[in-house]
Amino acid sequence: MADERDEIRSRIDIVELVGQSVPLKKAGKSWKGLCPFHADKNPSFSVDPISGTYRCWSCGEHGDIFTWVMKTRHLEFFEALQFLAEQAGVTLTSRGPTTTKSDKVRWGAAMQDALDFFREQLAKSESALAYCTRRGLSPEVLSQWEIGYAPDVGEALASYLKRKGHSLAECKELFLVDEDSSGGYFDKFRGRLIFPIRNEGGDLIAFGGRLLGDGHPKYINSGDTPLYRKSRVLYGMNRAKDTLGREKRAVLVEGYLDVIACHQAGVKGALASLGTALTEDHARLLKRWCEQVVILYDSDAAGQKAADRAVEILREAGLRTRIALMPAGEDPDTLLKTAGPAAVQQAVETGLRPLDYRIRKLRASMSPDQDEFWVAAVEALATATNEMELEKFAGELAPLYPGSRGLHATQNALKADAIRLARQTRGQRLGQESSPGRPVGAGISEMHVLEIAILACLFDGPMRQPAWAACAEEGLFFTAAGVAAAAAVRLAYPEEPPVGKPATWLPYIEPESVREAIIAARSDSRLGPYSSGRDFSGFDLTACLQDALAGLRKLRRKRELQQRIGSPPDDKARKELLEKLKQRHSGDNPEA
């Protein structure tokens, strides 16, 4: 596989590839243009043919030829590999999973025959059709969404598939039938309305079934099969993807009928996770298509709790989120029936930012007279994404504090406690991801210019031994994740930098954070005369390195002070926070 990727890289010119969709102009040794990933007015998008990478210095999008194809064509890596292999005329010998084309043909035929069976059975079932009428599913909707019915008969589908010539053992792998102790086969779906599940490409890969009446479980969804991984598929994606690509916004709901209701109401970007909570894979799939997600979950306690979890997962994936509020007891399906399409659209358009949602929920569930209210308030404020948001909500909460004698002082105290808690929590989370003994660091996008200068020197010119020794001794001064590791990679080659075009050796430097640090250092525009591609002859790289390390010593001292903040907010920390809040806001406190 590695050799095939190398061959593809050697044959594909990244400037030519990107230039097919983005007009580029030569700028020194690189090419520049308007970034296709955001509304770019001034050229901030750069393509470096030497390293074989692209980067936007405004929005942060970056990658190589494979990443470019994945993001612009919304493909998985192996699909992008196949696409580029065809462009380069390279025959792939490694085909990823061992699934053959004939396997997929057989599985697809079995799934389609099962769908045909379910559709036929719906047309014959008076009870199922009556249920659909009660739920507002018109004949047009039933046809559009290919809804069917599984009769409450033990072997109806199994017998049908056998007559069609399908292996029931293989159909068991597809979650269509199951096997009893005697070796006989029976249907997995019985007495249920059937919703076919298609992937984003439109391929039929699974089914979901809902009971017509009361019972448990209300829903049964296909388990993982050779065609289907529920943690990687969102129901309705095949219908929503065009809207997502155009509007850059998805609407996330809880179930099949909610998705259908939203589409009926004109909310065409609606989709749902399938029989499982939202996963990181789901978030990554959404990230390939959009920039914002509106969470439109049920208004009950379970829906609110699920929304809180979804916000965190989506934020980690780099997606902006809003949480839509619906009247008590409503979901998108019932809201459409009781209030019409406009009500569903309004709920989506008036979604709240996560912090606004948390504060509203807090004020609805607790009284400001309760001590726990203020602990929860600080915990909510600690999730603020910027200073203006923190300022706004701290200002709204300050007048509610019992016995407060100074609103400005109370607001400042809330902000200070929230900032401290945010640093404390973030530090612990990052610390768990760091290696023992290594200080917590920021991401590559936050890499300090001094660190970038060091890496630019390390990888763009020869270095005398005294400078190497200083770099090794000062390794713990690096604050950005990946920078220290990148320097270690360079230290492994003390005689000279890696040989050849960076595009030939960068892909094999692990982990990805190290590659990103090196690429960022080689092309960061903030370095001026130190940036990649400059003539280093006569330039004192040792002096540059020593000056940068001196600056990083100051950063280390600041970081050490921040790291003394302590552990995350466990029960003991919550009690301490509560006591501190009382002291801060007490009328007897001279600082209040």
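Here is a quick tour of this protein chain, from the overall picture down to a few single residues.

What you're looking at is a predicted model. The protein chain runs to 592 residues and holds 26 helices and 16 strands. Its average pLDDT is 78, but that confidence isn't spread evenly along the elements, with mean values running from 52 in helix H21 up to 97 in strand E6.

**The whole chain**

- Buried residues make up 46% of the 592 in the protein chain.
- The protein chain exposes about 29,600 Å² of surface, and 49% of that comes from carbon and sulfur atoms.
- Take the contacts with a separation of 6 or more: 66% of them link residues that sit 24 or more positions apart.

**How far to trust it**

- A score of at least 70 is reached by 70% of the residues, and the chain's average pLDDT is 78.
- Among the elements, strand E6 (residues 148–150) has the highest mean pLDDT, at 97, while helix H21 (residues 465–473) has the lowest, at 52.
- Residues 427–446 have a pLDDT below 50, and this stretch makes 30 contacts in the model beyond near neighbours in sequence.
- Residues 587–592 also fall below 50, with 8 contacts in the model beyond near neighbours in sequence.
- Where pLDDT is low, don't read the predicted coordinates in detail.

**Helix H11 against helix H14**

- Helix H11 covers residues 256–264 and helix H14 covers residues 332–339; their axes come within 7 Å and cross at roughly 40 degrees.
- That crossing angle makes H11 oblique to H14.
- On the H11 side, the residues involved are Leu 257, Asp 258, Ala 261, Cys 262 and Gln 264, and they meet Pro 332, Asp 333 and Leu 336 in H14.
- By type, the residues of this H11 and H14 contact split into 5 nonpolar, 1 polar and 2 charged.

**Helix H16 against helix H17**

- H16 packs with helix H17 (residues 371–381) at an angle of about 175 degrees, and the axes are 10 Å apart.
- The two helices, H16 and H17, are therefore roughly antiparallel to each other.
- H16 brings Leu 355, Arg 358, Ile 359, Leu 362 and Arg 363 to the contact, and H17 brings Phe 373, Ala 376, Ala 377, Ala 380 and Leu 381.
- The residues of the contact between H16 and H17 come out as 8 nonpolar, no polar and 2 charged.

**Lys 361, also in H16**

- Look for Lys 361 in helix H16, which spans residues 354–365.
- Lys 361 counts as partly exposed because its relative accessibility is 25%.
- Leaving out residues up to four places away in sequence, Lys 361 touches Gln 304 and Asp 308.
- Lys 361 and Gln 304 are 57 residues apart in sequence, and their C-alpha atoms are 9.1 Å apart in space.

**Pro 196 and Glu 146**

- Pro 196 sits in strand E9 (residues 192–198).
- With a relative accessibility of 6%, Pro 196 counts as buried.
- Setting aside neighbours within four places in sequence, Pro 196 is in contact with Leu 115, Trp 145, Glu 146, Ile 147, Leu 204, Ala 206, Phe 207 and Tyr 235.
- One of those partners, Glu 146, is 50 residues from Pro 196 in sequence, yet the two are 6.7 Å apart from C-alpha to C-alpha.
- You'll find Glu 146 in the loop between helix H7 (139–144) and E6.
- Glu 146 isn't a glycine, but it has a positive phi of about 55 degrees.
- Glu 146 counts as buried too, because its relative accessibility is 19% and the cut-off for buried is under 20%.

**Two more loop spots**

- Lys 248 is a non-glycine residue with a positive phi, in this case about 60 degrees.
- The loop that holds Lys 248 lies between helix H10 (237–247) and strand E13 (249–253).
- At 34% relative accessibility, Lys 248 counts as partly exposed.
- His 216 and Pro 217 are joined by a cis peptide bond, with omega at about -5 degrees.
- Pro 217 belongs to the loop between strand E10 (204–211) and strand E11 (219–221).

Notes: Residues numbered from 1 in each chain as written. Predicted model: local features only at pLDDT ≥ 70, side-chain atom pairs only at ≥ 80, totals over all residues. Heavy atoms only, no water. Axes fitted to C-alpha atoms, helices over the stretch in contact; angles between N-to-C directions. Helix = DSSP H or I, 4+ residues; strand = E, 2+ residues; numbered from the N terminus. Parallel < 35°, antiparallel > 145°, perpendicular 65-115°, else oblique. Contact = heavy atoms within 4.5 Å. Nonpolar A, V, L, I, M, F, W, Y, C, P; charged D, E, K, R; others polar. Buried < 20%, exposed > 50% of the residue type's maximum accessible area, 1.4 Å probe, protein only. Areas by Shrake-Rupley, 256 points an atom, 1.4 Å probe, with all protein chains shown as cover. pLDDT = per-residue confidence, 0-100.
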